Amino acid sequence: MQDQTNLLFICSRNQWRSPTAESVFRKYSGYATRSRGTSKKAVRHVSVKDLQWADQIFVMERKHAQRLRAEFPRETEFKKPIVLDIPDDYKFGDPDLINLLRTKTDPLLT
C-alpha cells in the first residue's frame, strides 16, 4: 500500500506557477510533488516517467491538458489532468498565486 500521493503540477515553462505549487504542496503531509512544463523551453519538460509517477496531475490551463493528451495519449488515457484555470499572471511565490492554488487544489486532493 502506498503511503503517499504523488502530485504533478504542470504549466508552460515550469518557471512560476507549477514550481510554486510544487513548493506549497511539498509541505503537505502524505504528498510528494513535482513540477514540469509543456513547452520545449520549459526548465523541466514533462516526461512519460513523470506521468507514470503521478497519482494526480494538475495543469494550470486547459491548453496544458490538451498538450499532454496530444503528446502522451497512453499515459493520459486513464490519468485525466485536472485543469485549475490559473492564468499566467503570477511570479514564483506570489501570495495571491499560493492562495489560489490552495483554494482550487485542496478540495481535489485524495
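A salt bridge is a side-chain nitrogen of Lys or Arg within 4 Å of a carboxyl oxygen of Asp or Glu. The exercises below apply this definition and others to a predicted model.

**Exercise 1.** Determine how many salt bridges the rule gives, and state where the partners Glu22 and Arg44 lie.

*Solution.*
Step 1. The rule yields seven salt bridges.
Step 2. One pair is Glu22 and Arg44, whose side chains meet at 3.0 Å, N to O. Glu22 belongs to helix 1, whereas Arg44 lies in the loop between strand 2 and helix 2 (48-53); the two are 22 residues apart, and the pair links distant parts of the chain.
Step 3. Buried means under 20% relative accessible area, and exposed means over 50%. Glu22, with a relative accessible area of 9%, is therefore buried. Arg44, at 32%, is partly exposed.

**Exercise 2.** Explain which parts of the chain the salt bridge between Arg34 and Asp50 ties together.

*Solution.*
Step 1. The closest N and O atoms of Arg34 and Asp50 are 3.0 Å apart, and the two residues form a salt bridge.
Step 2. Because Arg34 lies in strand 2 and Asp50 in helix 2, the pair ties together parts that are 16 residues apart in sequence.
Step 3. Arg34 is partly exposed, with a relative accessible area of 23%, while Asp50 is buried at 4%.

**Exercise 3.** Decide whether helix 1 (residues 17-25) is enclosed or open, and identify what covers its buried residues.

*Solution.*
Step 1. Nine of the nine residues of helix 1 are buried, so the helix is largely enclosed by the rest of the structure. Among them are Arg17, Pro19 and Phe25.
Step 2. The cover of these buried residues includes strand 1 (5-11), strand 2 (31-37), helix 3 (62-71) and helix 4 (95-105).

**Exercise 4.** Describe how the buried residues of helix 4 are arranged around its axis.

*Solution.*
Step 1. The buried residues of helix 4 are Leu97, Leu101 and Thr105.
Step 2. These residues cover an arc of only 45° around the axis, which means that they are on the same side of helix 4.
Step 3. On the other side, Pro95, Asp96 and Asn99 are exposed.
Step 4. The elements that cover the buried residues of helix 4 include strand 1, helix 1 and strand 3 (56-59).

**Exercise 5.** State the strand order of the open sheet, and explain which strands stand at its edges.

*Solution.*
Step 1. The open sheet has four strands in the order 2-1-3-4, with parallel pairing.
Step 2. Strand 2 and strand 4 (82-83) each have a single partner strand and stand at the edges, so one side of each is left without a neighbour in the sheet.
Step 3. Strand 1 and strand 2 run parallel and are joined by seven bridges. In strand 2, Tyr31 is the bridge partner of Thr5.

Terms used
Residues are numbered from 1 along each chain as its sequence is written. This is a predicted model: local features need pLDDT of at least 70, side-chain atom pairs count only at pLDDT 80 or more; totals for chains, interfaces and linings use all residues. Side-chain values use heavy atoms; hydrogens and water are left out. Buried means under 20% relative accessible area, exposed over 50%, partly exposed in between (1.4 Å probe, protein chains only). Contact means heavy atoms within 4.5 Å. The arc is that of the directions from the helix axis to the C-beta atoms. Two strands pair if DSSP finds at least two bridges between them.
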